[in-house]
Amino acid sequence: MTSKIKTLDLINQRKPRHALSRELYRNEDVYQQDLEQIWHKEWIFAGHTFEIEKAGEYMTIQVGDYPVVIVRDDNGNVRAFHNACRHRGSRVCAESKGKTAKLVCPYHKWTFGLDGKLLFAGNMGEKFNNDDHGLIPVNCEIVNTYIYICVAETAPDFEQFRKAVTPFLAPHNLENCKVAHEAHLLEKGNWKLVFENNRECYHCDGNHPELLNSFVENLSVAGVGGEDDPELTAHWDKCEAAGLPSRLVMDENGQYRITRIPLSAKAISYTMDGQPAVNGRLDDTDVEDIGALLYFNYPSTWNHFLGDHALSFRVLPLSSGETLVTTKWIVPKDAVEGVDYDLDNLTKVWMATNDQDRQLVEETFKGVSSPSYVPGPFSEVAENGVCQFVDWYCDTLKSKLG
């Protein structure tokens, strides 16, 4: 049985509104299909343009089997390339971030311009043509500072997502922001468990005391509506009157969803006391409590935008049993640490929440790894979001493998 047929058979065995089977988390053939059919074909969130503002600044990312380097070129353009030298394949850039005038392979010093063109290759003979050996480009798109890449030769449409997300993000002035803090968390669990955990707050009461100082789960977060909730619709009306799009927007297959929700009473930000963590505003309104704008885009990112700061989260699979979660706390560019914000106050809630989620993911991965594990049903009250993610995953693989 081929890897594709085996994976499709396992997908088809799943009961509606039930969790995934052990094999869909543990099997190496399934993991390879996850990479080939999803991670190697979809748009993946890589980072923000304000992280590479100057020419020569770069970041690297590993998307499944593909190392990629993203660099600001001499003309101010953001470009992405496969991070493999055209000589014998060494990674050209080994650090996660850096700044360089040229991209120089450490192995034999082949030198590439910031536009990917090969500038120098020593001892290659008279017949060698530099023009034939430039770095291979990677599809790259930018929306409101978010850099998305796709390692497939032909990328799926990006414009629908751009059109949907831009009105929501534009009022938050991300072009004038910076990263105040960045945290990397290695979770010893399958990437799907990481996203499943994110898509429900059924577990929050028993696990996230810091987050629950401000966050309140809402049906709109799960993507099941919210129009019948008077508190939610009143919040939407208030924010939209101030120029902040808020009502739920989603694409037809559920890959991305965007909405704004109110926080708990008297809470304005994700802090222990619910008060702002940063002096000043991230948006241009004078509405004191705009709640939290949430957007996710499978398979790689979820995001929160508040009145004073924002958070971007990036998910990357490292193996069938390891996932890297990167969190970035985003503040206005002119905010000064120790003056306009206290770093511990800014990061405390999500540093704690992320680590609590890591423990939940790791314990779940250990449990589903047991041969005795039998997938259980999702709650029709509290797990519609996680069911929506699992449905998206199964439907995506069915469409690509069927």
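The legends below describe an overview and five close-up views of a predicted model. Residues are numbered from 1 along each chain as its sequence is written, and side-chain values use heavy atoms, with hydrogens and water left out. Because the model is predicted, local features need pLDDT of at least 70 and side-chain atom pairs count only at pLDDT 80 or more, while totals for chains, interfaces and linings use all residues.

**Figure 1. Overview of the chain, with 10 helices and 17 strands.** The radius of gyration, taken over C-alpha atoms, is 22 Å, close to the 21 Å from the globule rule (2.2 Å times the number of residues to the power 0.38) for 402 residues, so the chain is as compact as a globular protein of that length. Helices (H or I, at least four residues) and strands (E, at least two) are DSSP runs, numbered from the N terminus. The C-alpha trace spans about 75 × 60 × 35 Å along its principal axes. Buried residues (under 20% relative accessible area; exposed is over 50% and partly exposed lies in between, with a 1.4 Å probe and protein chains only) make up 56% of the 402 residues.

**Figure 2. Surroundings of N303 in strand β15 (residues 301-305).** N303 is buried, its relative accessible area being 1%. Its side chain makes a polar contact of 2.7 Å with that of Y146. Such a contact is a pair of N or O atoms within 3.5 Å; within protein, one must be able to donate a hydrogen and the other to accept it, and residues adjacent in sequence count only if both atoms are side-chain atoms. Neighbours within four places in sequence aside, N303 is in contact (heavy atoms within 4.5 Å) with Y146, L293, L294, Y295, L311, S312 and F313.

**Figure 3. Strand β3 (residues 66-72) and its pairing partners.** Of the 7 residues of β3, 5 are buried, so the strand is largely enclosed by the rest of the structure. Strands pair if DSSP finds at least two bridges between them. Strand β2 (residues 57-63) pairs with β3 in the antiparallel sense over 6 bridges, and T60 stands opposite V69. The hairpin of β2 and β3 has 2 residues between the strands, and G64 takes a positive phi near 60°. On β4 (residues 78-82), antiparallel to β3 and joined to it by 5 bridges, R79 is the bridge partner of V71. The β3-β4 hairpin has 5 residues between its strands, with G76 in the turn at a positive phi of about 90°.

**Figure 4. The N-terminal end of helix α3 (residues 28-39).** N27 caps this end, with a side-chain oxygen 2.8 Å from the backbone nitrogen of D29. Buried residues of α3 include V30, Y31, L35, I38 and W39.

**Figure 5. Salt bridge between D391 and R14.** A salt bridge is a side-chain nitrogen of Lys or Arg within 4 Å of a carboxyl oxygen of Asp or Glu. The closest N and O atoms of D391 and R14 are 2.8 Å apart. D391 lies in helix α10 (residues 384-401) and R14 in the loop between α1 (3-12) and α2 (22-26), so the pair ties together parts 377 residues apart in sequence. D391 is partly exposed at 28% relative accessibility, whereas R14 is buried at 15%.

**Figure 6. Salt bridges of R162 with E141 and E159.** The N to O distance is 2.6 Å for R162 and E141. R162 lies in helix α4 (residues 159-169) and E141 in strand β9 (residues 139-143), so this pair ties together parts 21 residues apart in sequence. For E159 and R162 the N to O distance is 3.1 Å; both lie in α4, 3 residues apart, about one turn of the helix.
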